[in-house]
Amino acid sequence: MNQTTNLPAPITDSEMNGEYGGRDQLPLLLTYWQIIKRRKWLIAAVLLLALAAGVVLTLLATPTYTAKARIEIQREQQNVTNVETLEDSTGGNSLEFYQTQYALLQSRNLAERVARQLRLADNQAFFEAHGSDLTVPEVGTGRRDSNRRLDRATRILLNNISVDPVRGSSLVDVSYNSATPAISQQVANVWAEQFIEESIARRFESSADARKFLETRLADLRSKLEDSERALVTYADQKGIVTVGTSTAGAENNSTNRRTLTSDDLVALNTSLAQATADRIAAQSRLANSSNSAEALSNPTLTGLRQRLAVLEAQYDEMMVRFEPGYPAARALDEQIKSIRNSMVREESRIAGSIRSQLRESQARESGLKAQVTALKQETMSERNDGIQYNIYQREADTNRQLYDALLQRYKELGVAGVGVSNIAIVDEAERPGSPSSPNLMFNLILSLLAGTVLAGAGVLALQQVDEGLREPNDVKTRLGLGLLGATPSTVEGRDEIVEELLDPKSGLYEAYLTIKSNLGFATDHGVPRSIMVTSTRESEGKSTSSLAIATVLARTGSSVILIDSDMRSPSLQTLLKTENTQGLSNYLSGQDDWRDLVETSEINNLSIMMAGPMPPNAAELLSGSRISQIVKELGEHFDHVVIDAPPLLGLADATLIAQSVEGSVVVIEYDRVPIRGLQQAIDRLRGARRPIFGAIVTKMSESDSAYGYGYGYGYGYGSDRDETDEK
């Protein structure tokens, strides 16, 4: 048997003032799933309409044929004056090169070359293949000369050409779309050919004076390189600088640091000094905490003494419970304890002396290394002063060498390759397409499905934003600030069958209210409240059934219970219990003093009933007096529990008046009926009575209404496909 574990939260001042926050939210996926289940027919309708629209648009669309030519573009450096190598290995520049080529493939200049080559400005079939007409003039111009027809043809070409690089390669697919297969094939092939011709022409123009320029620059750099290397060697001999290697100082500018014998010795000594300093600091730390140092904690002698001391002290404490300190055995134990403590002090002193010895050795070694490091620092600083000029000579020689090598390599490559060789080649020529590439029914259906999904999601989101009903039992706590006592399943029977089901301890309805009764046991420090008012926001939410159910469960557990129908405007207990409403609460409130004549026994053991009585002219006036509090107090002295079936909250003041006479209230909320704003308004009115609200009961839930089945564990399947009967 599944029972709810959500106990009612204690009523705090902030909750009584309407201040509360949301916690314990449902998992996000479960929330979305519940929304989809509620809006499934809307989602299905939108998706079907989107699919139908996709089919209709596909059937009405003009078939388009796509011809594709594949070309290969090899990486090539165009700037012949660049001093870097011809083949650039940097990924960023390679990406820039290919992006430039892709942009050139879709340039207007290339489209005009293709249009002129194929004489498209005067080709009526070309314009008809794209839904245009050669005889129609440009809008607003009235002119149809050759240049404007060429411009129209160029714009059509650019609108229908597509360039698609093959991922991870230097291959590029050039595709063209039109309504005529032959035109698509012809334009795709000519486009690739014209791109190659344009690339060759551009290369030829840029490389006419390359060799002559490189020859002049190479002669100048050769002379500078020889002079700079000669000056570097001469200066090193004069200053006696001996290098043992270099290290890179920066990856971006390729700068290097020169290593000498003196600098290597300084690095080694500085490392030893750091280690000596660390040893000295560690020794000082151990000396300052000698009693808790690693040597003291791991010393077996001290460990044994501590254990022996603990045993003797325990024996001494035990003996002091029965004897005086002067007892001989106690004095003997005390002497042993003092002896062990003296031994521990001596052992700790010995350990501290060992640590002090290590500290002196570390300090002496540190001082010696500091002196050596200071001497080497002076020598290194002097060598660095001399190395400034040396580095100047070195950088100048390296720069001249790099420039000379780069230009020499470029000169040789340019002489071997020549400028007439193209780096672009046609791999596959375009073939005439045998079937249209679009419209693609399956692709359009997928797009329609995606569009329908987006529209359905937007519609569901919009409806969800304006929907204020109670959609989850969790909303009781997160949106209303009340503890959830439990949720009850919906029922299909009439009022007679509901009573029978409440009397059946094996029914799902009884199990639900038994769980609610268990949760009410945590509402106060003395268990189930002695007096409870059960109310709802409006009529027919199940408050009368809940009142009867709570009273029945309490009575069946051995408590004496009286159930009062205080809804004098529209009483309903007489209908549920099949009895007469000739006298009751209204008689007592009107002045009758003996309430015992107004109480009736029921067929349920330990359960008594007080009906609403004759309908008074103004129920609020009767309830505003002190007699309602008086009868609740008197009944509380004769019965274990007083359960009051109160009128609804909205539109009436009766419930708030009754609430002041009881320990607290329980609010009955029908699932997905009253808007959240209405519930909040009703609960705020009840909080105005300044009495605790023990929690809320969610009624009439089916198993499919919640992600957890009946909210929290009532998923037995009762009433899942049955009509609900209005309860009050």
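The face of helix 3 that is turned away from its buried side carries the exposed residues Trp-41, Leu-48, Leu-49, Leu-59 and Leu-60. This is a reading of a predicted model, and the exposed face is best described together with its counterpart. The buried residues of helix 3 are Ile-43, Val-46, Ala-50, Gly-54 and Thr-58. Because they cover an arc of only 105 degrees around the axis, they fall on the same side of helix 3. The helix itself, residues 40-60, has 21 residues, which at 1.5 Å a residue should span 30 Å, and its end C-alpha atoms are 30 Å apart, in agreement with that expectation.

**Strands 9 and 7**

Strand 9, which covers residues 561-565, is largely enclosed by the rest of the structure, because five of its five residues are buried. Val-561, Leu-563 and Asp-565 point one way from strand 9, while Ile-562 and Ile-564 point the other way, and all of these residues are buried. Strand 9 has pairing partners in strand 11 and strand 12. With strand 11, residues 607-610, strand 9 pairs in the parallel sense over four bridges, and within this pairing Leu-607 of strand 11 is the bridge partner of Val-561. With strand 12, residues 641-645, strand 9 again runs parallel, the two being joined by five bridges, and here Leu-563 stands opposite Val-643 of strand 12.

Strand 7, residues 484-489, is likewise mostly covered, six of its six residues being buried. Strand 7 pairs with strand 14, residues 693-701, in the parallel sense over four bridges, and in this pairing Ala-487 stands opposite Val-698 of strand 14.

**An antiparallel sheet**

Elsewhere, four strands form an open sheet in the order 2-3-1-6, with antiparallel pairing. Its edge strands are strand 2 (161-165) and strand 6 (424-428), each of which pairs on one side only. From one strand to the next, the twist averages 30 degrees. At the strand 2 edge, five bridges join strand 2 to strand 3 (residues 171-178), and these two strands run antiparallel; Pro-165 stands opposite Val-172 of strand 3.

**Salt bridges**

Counting a side-chain nitrogen of Lys or Arg within 4 Å of a carboxyl oxygen of Asp or Glu, the total comes to 17 salt bridges. Among them are the three pairs tabulated here, with the N to O distance for each.

| Pair | N to O distance |
|---|---|
| Arg-155 and Asp-151 | 3.1 Å |
| Asp-567 and Lys-543 | 3.7 Å |
| Arg-569 and Asp-654 | 2.8 Å |

The pair Arg-155 and Asp-151 lies within helix 7 (residues 146-160), and because these residues are four apart in that helix, about one helical turn separates them. Arg-155 is partly exposed, with a relative accessible area of 35%, and Asp-151 is also partly exposed, at a relative accessible area of 25%.

The salt bridge between Asp-567 and Lys-543, with its closest N and O atoms 3.7 Å apart, links distant parts of the chain: Asp-567 is in the loop between strand 9 and helix 19 (573-577), whereas Lys-543 is in helix 18 (residues 543-556), 24 residues apart. Asp-567 is buried at a relative accessible area of 2%, and Lys-543 is buried at 0%.

The loop between strand 9 and helix 19 takes part in a further salt bridge, in which the side chains of Arg-569 and Asp-654 meet at 2.8 Å, N to O. Since Arg-569 lies in that loop and Asp-654 in helix 23 (residues 654-659), the pair ties together parts that are 85 residues apart in sequence. Arg-569 counts as partly exposed, with 35% relative accessibility, whereas Asp-654 is buried, with a relative accessible area of 0%.

Finally, salt bridges that share partners join Arg-108, Glu-112, Arg-116, Asp-151 and Arg-155 into one network. The helix 7 pair described above, Arg-155 and Asp-151, therefore belongs to that network while being separated by about one helical turn.

Note on methods: Residues are numbered from 1 along each chain as its sequence is written. This is a predicted model: local features need pLDDT of at least 70, side-chain atom pairs count only at pLDDT 80 or more; totals for chains, interfaces and linings use all residues. Side-chain values use heavy atoms; hydrogens and water are left out. Buried means under 20% relative accessible area, exposed over 50%, partly exposed in between (1.4 Å probe, protein chains only). Two strands pair if DSSP finds at least two bridges between them. Axes are lines fitted to C-alpha atoms, for helices over the stretch in contact, and angles run from 0 to 180 degrees between N-to-C directions. The expected span of a helix is 1.5 Å times one less than its number of residues. The arc is that of the directions from the helix axis to the C-beta atoms.
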